[in-house]
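I sat down with this one today and kept a few notes as I went. Feel free to follow along at your own bench.

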Amino acid sequence: MAQTDFIFTSESVSEGHPDKICDQVSDAILDAHFDGDTQSRVACETLVTTDFICVAGEITSKHHVDYEKIARQVCSDIGYTHDDIGFNAATAKVDVRVHEQSPDISQGVTEGAGKYEQQGAGDQGLMFGFAINETPELMPLPISLSHKLVQYLAELRHNGTLKDILPDSKSQVSVEYRNGKPHRVDTVVISTQHRDNLTMEQLEELVVENVVKKIIPAEFLNNTRYLINPTGKFVVGGPHGDCGLTGRKIIVDTYGGYGRHGGGAFSGKDPSKVDRSAAYMARYAAKNVVAAGLAERCELQLSYAIGYPEPVSVHVDTFGTGKVSEEEISKRLRANFDFTPSGIVRTLQLLDTNRRYRETAAYGHFGREGNTFTWERTDKADALKS
């Protein structure tokens with residue numbers, strides 16, 4: 001029997017976290033290529049450290065992109081515009097090491113070019129999608145709150161409300177569950193880079209009063225412990241404090257550890273890479289299962305072989321909360337969703353130039369609103385009820 005009383009913790013990081021800087025640069029480069037050529041093949045990695053940015057990867061595109069200009073612009077937008085914090089978008093050295101995609105991979109993901117007539121998967125691997133009915137967006141509460149805390153902290157930094165807060169920050173929320181449902185927030189951890197003129201007492205009051213109590217509903221703040229900058233000081237941060245890399249925050253990007261992860265990162269990859277696109281499709285399917293009332297929680301696993309057009313497996317787990325059998329849910333999913341790579345791209349409109357993949361690269365890929373997040377729609381719920 002599953003445990004029903006427990007404490008579960010998830011974390012998030014801000015747009016100014018070194019790894020998230022890299023995710024945003026990589027996705028901004030993907031967006032720029034798609035602006036001129038939606039058939040671009042992009043696998044872009046970024047590294048940042050003290051006053052240095054490296055952009056590398058495999059990119060095949062008909063559209064020329066100024067990688068250095070994009071990297072500097074993203075870092076400037078985030079707020080890295082000061083010489084005194086060890087990383088300035090305007091003066092950092094930028095190194096670009098990009099070459100074309102392997103032709104062996106290209107033929108497998110180009111329709112009609114490989115062993116099979118249809119577009120094949122861009123890689124082998126497994127992807128998970130998850131949904132649960134404990135928040136309006138059908139996301140686990142711990143990761144939902146963690147994202148909202150650092151997102152609001154960044155908003156207050158950008159609008160000048162918190163002038164002494166700097167871009168790099170992390171949050172962590174521990175939720176106490178009783179009878180399997182969220183009961184209260186046990187602990188909130190926020191570590192945020194700041195200017196040296198703030199005392200820890202001032203910082204704690206600013207963060208708790210202006211961020212935590214504005215984001216977390218009062219009914220959950222019952223005997224809650226606050227740990228604000230628990231090391232005592234966080235002045236050296238951003239890429240000067242830690243090296244950042246694309247794709248290192250895969251649990252932050254998904255379900256905060258509440259649902260499983262197949263291991264593949266998302267940012268910097270075009271939709272032919274099923275690491276990204278199939279994870280979006282799995283979320284779309286799982287969310288519609290929960291929205292249809294077929295289960296209180298649902299996890300869907302998809303798996304693929306490189307160059308092969310159909311998923312190797314489709315597995316549903318409702319953790320004992322299903323209103324119908326998992327076999328029946330799987331049957332309905334297969335009848336209503338096209339899990340081939342080309343079907344995923346078409347269904348979720350992943351080549352639509354109105355979307356901005358950069359939007360996904362901070363504060364999570366799931367549980368979001370807007371034109372980019374087509375996988376958050378619940379337009380298949382009625383069909384799944386049938």
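Here are my entries on a core, a helix and an aspartate.

Before anything else, I noted that this is a predicted model.

**Entry 1, the core.** I looked up the largest nonpolar core and found 95 residues in it. I then asked which members touch the most others. They are Ile53, Leu300, Leu333 and Phe339. Helix α8, residues 274–291, gives the most to this core, with 11 residues. That fits a general pattern I like to keep in mind: in soluble globular proteins, nonpolar side chains tend to be buried together.

**Entry 2, Leu333.** I picked Leu333 and listed its contacts, leaving aside neighbours within four places in sequence. My list reads Ala285, Val289, Leu300, Val316, Phe339 and Leu384.

**Entry 3, helix α4.** I checked the length of α4, which covers residues 141–158. At 1.5 Å a residue, its 18 residues should span 26 Å, and I found the end C-alpha atoms 26 Å apart, which agrees. Is the helix enclosed or not? I counted 13 of its 18 residues as buried, so α4 is largely enclosed by the rest of the structure. Just after α4, I saw that Gly160 takes a positive phi of about 90°.

**Entry 4, Asp317.** I found Asp317 in strand β13, residues 313–317. Is Asp317 buried or exposed? Its relative accessible area is 18%, and buried means under 20%, so I put Asp317 down as buried. The Asp317 side chain reaches the backbone nitrogen of Phe319 at 2.9 Å. Not counting residues up to four places away in sequence, Asp317 touches Arg260, Arg297, Cys298, Glu299 and Glu326.

Note on methods: Residues are numbered from 1 along each chain as its sequence is written. This is a predicted model: local features need pLDDT of at least 70, side-chain atom pairs count only at pLDDT 80 or more; totals for chains, interfaces and linings use all residues. Side-chain values use heavy atoms; hydrogens and water are left out. A nonpolar core is a set of buried Ala, Val, Leu, Ile, Met, Phe, Trp, Tyr and Cys residues joined through side-chain atoms within 4.5 Å. Buried means under 20% relative accessible area, exposed over 50%, partly exposed in between (1.4 Å probe, protein chains only). Helices (H or I, at least four residues) and strands (E, at least two) are DSSP runs, numbered from the N terminus. Contact means heavy atoms within 4.5 Å. The expected span of a helix is 1.5 Å times one less than its number of residues. A polar contact is a pair of N or O atoms within 3.5 Å; within protein, one must be able to donate a hydrogen and the other to accept it, and residues adjacent in sequence count only if both atoms are side-chain atoms.
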